[in-house]
Amino acid sequence: MPEVDDRVVIETQIGRPLRAESEVVLRCHLGQPVVVRVPPHLDDGTPFPTLYWLTCPLAITRIGRLEGAGGVKRMEGKAEADPSFRAGLEAAHAAYAAERDALLGAGDVPIPSGGVGGAAEGVKCLHAHYAHAAAGHPNPVGEMVASWIEPLDCLVPCVVGGELNPEWVNRP
């Protein structure tokens with residue numbers, strides 16, 4: 001079976017065309033993209049604050065369930081109640097913004113703003129925090145999410161030949 005370009009796999013995973021060239025920074029045990037790094041400006045020049053984007057359908061589904069059950073609000077509450085957790089979250093936002101901003105070219109305007117997922121503070125999206133942590137960066141929210149959704153233990157690849165694999169099951 002011929003190999004399929006990462007772009008095709010990612011577009012199939014997320015169900016739409018990519019809006020900018022993206023680099024795979026994490027693959028699952030089956031070789032499929034899990035997290036991509038997106039440039040700070042999309043192909044049309046739109047500023048894009050989300051540096052790390054989650055593409056794995058299994059992780060997206062599992063995190064969506066956490067968010068649907070109030071996970072963002074719970075992480076916000078933890079950050080309010082736990083100074084160490086809050087400090088780690090603030091450090092993650094600062095590091096994320098610095099890494100993204102370092103990719104900007106001279107004269108790139110407008111400049112994307114915010115930290116993880118474009119949030120100025122707190123927790124906006126568990127998917128973005130997980131993607132940041134999964135890409136190898138310290139992020140207390142993403143690390144907690146990982147403990148709840150991993151392993152990403154698909155038995156077959158989610159995308160084969162540029163199409164969703166009919167044998168793949170989005171396991172809870």
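Begin by selecting L54, L126, Y130, V141 and L152, the residues with the most contacts inside the largest nonpolar core, which has 32 residues. To see where this core draws its members from, colour strand 2, strand 3 (52–54), helix 2 (57–68), helix 3 (71–81), helix 4 (83–102), helix 5 (126–134) and helix 6 (140–149), the elements that give two or more residues to it. Helix 5 supplies the largest share of this core, 5 residues. Keep in mind throughout that this is a predicted model.

Next, centre the view on L126 and display its surroundings: leaving aside residues up to four places away in sequence, L126 touches I63, L66, E67, G71, V72, M75, V141 and V145. From there, move to a second, separate core of 8 residues, and select I10, L18, V24 and L42, which are among its members.

V24 leads on to the hairpin, since V24 stands opposite V36 in strand 2. Show the backbone of strand 1 (residues 23–27) and strand 2 (residues 33–37), which pair in the antiparallel sense over 4 bridges. Between these two strands lie 5 residues, and in this hairpin G31 takes a positive phi near 85°.

Now turn to the charged side chains, for the structure holds 8 salt bridges. Select R7 and E11 to begin with, whose closest N and O atoms are 3.2 Å apart in a salt bridge. What separates R7 and E11 along helix 1 (residues 6–14)? The two residues are 4 apart in that helix, and therefore about one helical turn lies between them. R7 is partly exposed, with a relative accessible area of 24%, and E11 also counts as partly exposed, at 21% relative accessibility.

A further pair to pick out is D82 and K78, whose side chains meet in a salt bridge at 3.3 Å, N to O. Here D82 is partly exposed, with a relative accessible area of 25%, and K78 is partly exposed, with a relative accessible area of 28%.

Then select R100 and D101, whose side chains meet in a salt bridge at 3.2 Å, N to O. Is R100 buried or exposed? With a relative accessible area of 1%, R100 is buried, whereas D101 is partly exposed, with a relative accessible area of 33%. To finish, return to R7 and E11 and add E21 to the selection, as salt bridges that share partners join R7, E11 and E21 into one network.

Terms used. Residues are numbered from 1 along each chain as its sequence is written. This is a predicted model: local features need pLDDT of at least 70, side-chain atom pairs count only at pLDDT 80 or more; totals for chains, interfaces and linings use all residues. Side-chain values use heavy atoms; hydrogens and water are left out. Two strands pair if DSSP finds at least two bridges between them. A salt bridge is a side-chain nitrogen of Lys or Arg within 4 Å of a carboxyl oxygen of Asp or Glu. Buried means under 20% relative accessible area, exposed over 50%, partly exposed in between (1.4 Å probe, protein chains only). A nonpolar core is a set of buried Ala, Val, Leu, Ile, Met, Phe, Trp, Tyr and Cys residues joined through side-chain atoms within 4.5 Å. Contact means heavy atoms within 4.5 Å.
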